[in-house]
Amino acid sequence: MAVKTKKIKSAGRFGAGYGKVKSKLIEVESKQRKKQICPFCKGTAKRKAKGIWECKKCKKTFAGAVYYLQ
Ligand SMILES: [Zn+2]
């Protein structure tokens, strides 16, 4: 029951008047879960922390967009 509302909850801190921001945030959150492309070797990069990405292929750690790369 609680798990279902998780996405809304994370966007809920912006308040009810930010409907567009909320939907944008949900979009961003869904992008986060997808694989990201390493800018160096075009391999698969994994998000280590906010804005920190690690490439599985070339093992480079780099700073990128906070939520997703491309
Ligand atoms: Zn790479």
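This report describes the zinc site of a predicted model and two lysines with unusual backbone angles. Local features are taken at pLDDT of at least 70 and side-chain atom pairs at pLDDT 80 or more, while totals for chains, interfaces and linings use all residues. Residues are numbered from 1 along each chain as its sequence is written, and side-chain values use heavy atoms, with hydrogens and water left out.

The zinc ion has as its protein donors the SG atoms of Cys-38, Cys-41, Cys-55 and Cys-58, lying 2.3 Å from the metal; donors here are N, O and S atoms within 2.8 Å of the metal (3.2 Å for Na, K and Ca), and sites may look incomplete because water is not among the atoms. In sequence these donor residues follow the spacing C-x2-C-x13-C-x2-C. The angles among the 4 donor atoms run from 104 to 116°, and the site is tetrahedral, a term that requires all angles of four donors to lie between 85 and 135 degrees. Ideal angles for four tetrahedral donors are 109.5 degrees.

Lys-42 has a positive phi of about 65° although it is not a glycine, and Lys-59 likewise has a positive phi of about 65° without being a glycine. Most residues other than glycine have a negative phi. Lys-42 lies in the loop between β1 (36–37) and β2 (44–49), whereas Lys-59 is found in the loop between β3 (52–55) and β4 (61–63); strands are DSSP runs of E, at least two residues, numbered from the N terminus.

The table gives relative accessible areas, with buried meaning under 20%, exposed over 50% and partly exposed in between (1.4 Å probe, protein chains only).

| Residue | Relative accessible area | Class |
|---|---|---|
| Cys-55 | 1% | buried |
| Cys-58 | 29% | partly exposed |
| Lys-42 | 56% | exposed |
| Lys-59 | 60% | exposed |

Terms used. Four donors count as tetrahedral if all angles lie between 85 and 135 degrees; four count as square planar and six as octahedral if opposite donors are over 155 degrees apart and all others between 65 and 115; anything else is irregular. Helices (H or I, at least four residues) and strands (E, at least two) are DSSP runs, numbered from the N terminus.
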